[in-house]
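Visitor: I'd like a quick tour of this one, with the reasons behind each label. Could you show me the structure?

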Amino acid sequence: FSTADGMVPIGQWTHIAIVRDLGRKLLRWYRNGELVAEVASVYPIGAVSGLPMFFGQGYVDFFSGHLAEIRLWSIARSQAQLQLDMRRRLLGSETGLAGYWPLDEGNGPIAYDRSGRGSNGSIVSAQWAAGPPIQPRSEALGCDGANDYVSVGNPAAVQVVGDQTIE
């Protein structure tokens, strides 16, 4: 994730959100609740892929750092909503929440989906570590950038084709 003023700072907890707003035909990137980039979306609708969902593994490379939690929404969340929730624990029953992996297990090979949809993920090689200042928070998942990730698979609950927010 790169912005005009540089990469996500190393050694600091940073909240990242990407919002796909199909009604306005925009993609927005937020860092710590502040808009850092906005581009026109050329796609009238999202497409569902048969590919699995990964956290910590992209199409090109692996993530190096700590993941505190992952949130997938079937709505385009506003900047105010992102700012309100970015430092707090969700209940798991919020409107539009399609998947919620707080990564708070602290041990074991499963990242549990707390949205009630059962899209649990399998942790591959990543290690549990101390977490960021989210309350209550004590764990995070450390990824070394080589081969660490969480695989959620491709369950129907994570196949969001309209508006979407990933935090």
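Guide: Let's start on the surface: L51, Y59 and V60 make a nonpolar patch of about 460 Å². Bear in mind that this is a predicted model, where local features need pLDDT of at least 70 and side-chain atom pairs pLDDT 80 or more, while totals for chains, interfaces and linings use all residues. Residues are numbered from 1 along each chain as its sequence is written, and side-chain values use heavy atoms, without hydrogens and water.

Visitor: What makes a patch a nonpolar one?

Guide: Its residues have over 30% relative accessible area and no salt bridge, and nonpolar side chains (Val, Leu, Ile, Met, Phe, Trp, Tyr) are joined within 5 Å. A salt bridge would be a side-chain nitrogen of Lys or Arg within 4 Å of a carboxyl oxygen of Asp or Glu. Areas come from Shrake-Rupley with a 1.4 Å probe, and for residues only the protein chains shown count as cover.

Visitor: Why is V60 called exposed?

Guide: Exposed means over 50% relative accessible area, buried under 20%, and partly exposed in between. V60 has 82%, so it's exposed. You'll find V60 in the loop between strand 6 (53-55) and strand 7 (64-67); strands here are DSSP runs of E, at least two residues, numbered from the N terminus.

Visitor: And why is F55 called buried?

Guide: F55 has a relative accessible area of 8%, so it falls under the 20% limit. F55 lies in strand 6.

Visitor: How do you know that strand 11 and strand 14 pair?

Guide: Pairing takes at least two DSSP bridges. Strand 11 (residues 121-124) and strand 14 (residues 149-153) are joined by 3 and run antiparallel; in one of these contacts, I123 has V150 as its bridge partner in strand 14. They belong to an open antiparallel sheet of 4 strands, in the order 6-14-11-10. Strand 6 and strand 10 (110-111) are its edges, each pairing on one side only.

Visitor: How many aromatic pairs are there?

Guide: The count is 3, taking rings of Phe, Tyr and Trp (its six-membered ring) with centres within 6.5 Å.

Visitor: Why is the pair of F62 and Y149 called tilted?

Guide: Planes under 30 degrees apart count as stacked, over 60 as edge-to-face, and the rest as tilted. Here the centres are 6.1 Å apart and the planes are at 35 degrees, so the pair is tilted. It links distant parts of the chain, with F62 in the loop between strand 6 and strand 7 and Y149 in strand 14, 87 residues apart. Ring pairs link F54, F62 and Y149 into a cluster.

Conventions. Patch = residues over 30% accessible without salt bridge, like charges linked within 9 Å, V, L, I, M, F, W, Y side chains within 5 Å. Buried < 20%, exposed > 50% of the residue type's maximum accessible area, 1.4 Å probe, protein only.
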